[in-house]
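This report describes selected features of one protein chain, from helix packing to individual residues. The sequence and structure are shown first.

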Amino acid sequence: MPLIVLPTSRLLWVRVAALLFTCVAFSVTAHGAWLGHGGAAGDWCIFCWAFSFACTLLVLLVELFGLQARAPVSWSNFPITVACYACLLCLSASVIFPLFFLKDQNARGEVRDHRIAATVFSCLAAVAYMGEVSLTKARPGEVAGYMATAPGLLKVCQTFVACVIFLLVSDPVTYDRHAALKWCMAVYCICFILSMAVVVLCVGECTGWLPVPFSKFLSAYGLLAAVMYLTATILWPVFQFDGRYGGSGRASSRTIAVAVLTALNFLLYLADLAYTARLVFVSA
C-alpha cells in the first residue's frame, strides 16, 4: 500500500495553521454567529475565509501529491499570489467583522462568543498568511518567480486596494457629478485591469505572449500608472470636497476613505515603479 510522506517544514506548518484558522473562522460564524442582519458585510467575511481556506487546501493537496509539474499554472508564482491575496482578505475580514457585528450591543451569550471567536481566528489566519508570504518571498540574489518579488507582491496589493475603492464608490455612486471624478474612476479601472493582467500573465506563465519584452512593458506601465494615480490623488479630494469645483462641501466617510486609498495606491505604484526600474536597469 503506497504511503504519502509529507515533508515537514516551517512553511508547511504555517499553511496548515492558516487552513485551520480560516476553517474555524467561517465554521464558527456559520454555526452560531447569526449574521442575518449583516447583509453584504457578513457575506464578504464568509467569502474571505472560505476562499482563503479553499485556495490553501488546493496548494497543500498539490504539494502533498507532487502535482506541481502537472498544474496548469506557474507553481513558482501561484502559491505566494494566493497567500498574499488571502492575507489581505483575512485582514479586511478581521477589521470589517468586529465593526459590523461586535459593536452590536444586542448580541449576547453564545452569539457574541461565536463572533469574538471568529474575529480572533480571522486575525490568526491573517498572521499565518503574513508568515507564509514572508517565508516564500524572494530573497536578494535568489532566482524566483516574478510574483515572489517586491513588484509582484505590490501588484497584488494594488489590485486589492482598487477592489476596495470600487466597493466604496459604487454604493452610492460618488463619481458621476463631474468629469474629473469620472476620470478618477477611469484611472482606477484602467490600472486595476492592467495590474490584474500582469498577475494573470505571471501565474499562467503567459508573459511570452506579449508583443514587447515583459520588462519593458512593466516599466512603461509602471510609469503610466504612477502618473495616472497622481492625477487621481489630486483631483478626487478637490472635486469631492471643495464647493468651488462642484464638491458637496461635506466629507462623508466613504469619500474620505476613497481619497486615502487613492493616495495609498499612488504610493504603491510609485514603489512598484522604483523596484521595477532597479530590477530592469540595474540588472542590465
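Thr119 makes contact with Ser94, Phe97, Pro98 and Leu102, when its neighbours within four places in sequence are left aside. The model examined here is a predicted one. Thr119 belongs to helix α4, and because its relative accessible area is 10%, Thr119 is buried.

**Other individual residues**

Two further buried positions lie in helices. Thr255 is part of helix α8, which spans residues 253-282. With 5% relative accessibility, Thr255 counts as buried. Not counting residues up to four places away in sequence, the residues touched by Thr255 are Thr174, Trp236, Gln240 and Phe241. Pro151 is located in helix α5 and counts as buried at 2% relative accessibility. Pro151 and Leu268 are 117 residues apart along the chain, and their C-alpha atoms are separated by 9.3 Å.

Glu205 is placed in the loop between α6 and α7. Is this residue, Glu205, buried or exposed? Its relative accessibility is 59%, and Glu205 therefore counts as exposed, the cut-off being over 50%. The backbone of Glu205 has a positive phi of about 55 degrees, although the residue is not a glycine. Most residues other than glycine have a negative phi.

The accessibility values of these four residues are collected below.

| Residue | Relative accessibility | Class |
|---|---|---|
| Thr119 | 10% | buried |
| Thr255 | 5% | buried |
| Pro151 | 2% | buried |
| Glu205 | 59% | exposed |

**Helix packing**

The loop that holds Glu205 lies between α6 and α7, and these two helices also pack against each other. Helix α6 covers residues 179-203 and helix α7 residues 214-241; they pack at an angle of about 150 degrees, and their axes are 9 Å apart. Why are α6 and α7 described as roughly antiparallel? Angles over 145 degrees count as roughly antiparallel, and the angle between α6 and α7 is about 150 degrees, so the two helices fall in that class. The crossing of α6 past α7 is left-handed. Sorted by class, the contact of α6 with α7 comprises 22 nonpolar and three polar residues, with no charged residues.

The pair α1 and α2 packs at an angle of about 145 degrees, with axes 9 Å apart. α1 passes α2 in a left-handed crossing. On the α1 side the contact includes Leu12, Arg15, Val16 and Leu19, and on the α2 side the participants include Ile46, Trp49, Phe53 and Glu63. By class, 13 nonpolar, four polar and two charged residues form the contact of α1 with α2.

**Nonpolar cores**

The largest nonpolar core has 43 residues, of which Trp49, Tyr129, Tyr146, Met147, Val198 and Phe214 touch the most other members. At least two residues of this core come from each of α1 (10-32), α2 (40-64), α3 (78-102), α4 (109-136), α5 (150-170), α6 and α7. Which helix gives the most to this core? That helix is α3, with 14 residues.

Tyr129 touches Ala18, Thr22, Ser52, Phe53, Thr56, Ala83, Ala86, Cys87 and Cys90, residues up to four places away in sequence not being counted. A second core, separate from the largest one, has 28 residues; among them are Ile165, Leu168, Ala180 and Tyr269. In soluble globular proteins, nonpolar side chains tend to be buried together.

Key:
Residues are numbered from 1 along each chain as its sequence is written. This is a predicted model: local features need pLDDT of at least 70, side-chain atom pairs count only at pLDDT 80 or more; totals for chains, interfaces and linings use all residues. Side-chain values use heavy atoms; hydrogens and water are left out. Axes are lines fitted to C-alpha atoms, for helices over the stretch in contact, and angles run from 0 to 180 degrees between N-to-C directions. Helices (H or I, at least four residues) and strands (E, at least two) are DSSP runs, numbered from the N terminus. Angles under 35 degrees count as roughly parallel, over 145 as roughly antiparallel, 65 to 115 as roughly perpendicular and the rest as oblique. A crossing is left-handed if the near helix is turned anticlockwise from the far one by less than a right angle, and right-handed if clockwise. Ala, Val, Leu, Ile, Met, Phe, Trp, Tyr, Cys and Pro count as nonpolar, Asp, Glu, Lys and Arg as charged, and the others, Gly among them, as polar. A nonpolar core is a set of buried Ala, Val, Leu, Ile, Met, Phe, Trp, Tyr and Cys residues joined through side-chain atoms within 4.5 Å. Buried means under 20% relative accessible area, exposed over 50%, partly exposed in between (1.4 Å probe, protein chains only). Contact means heavy atoms within 4.5 Å.
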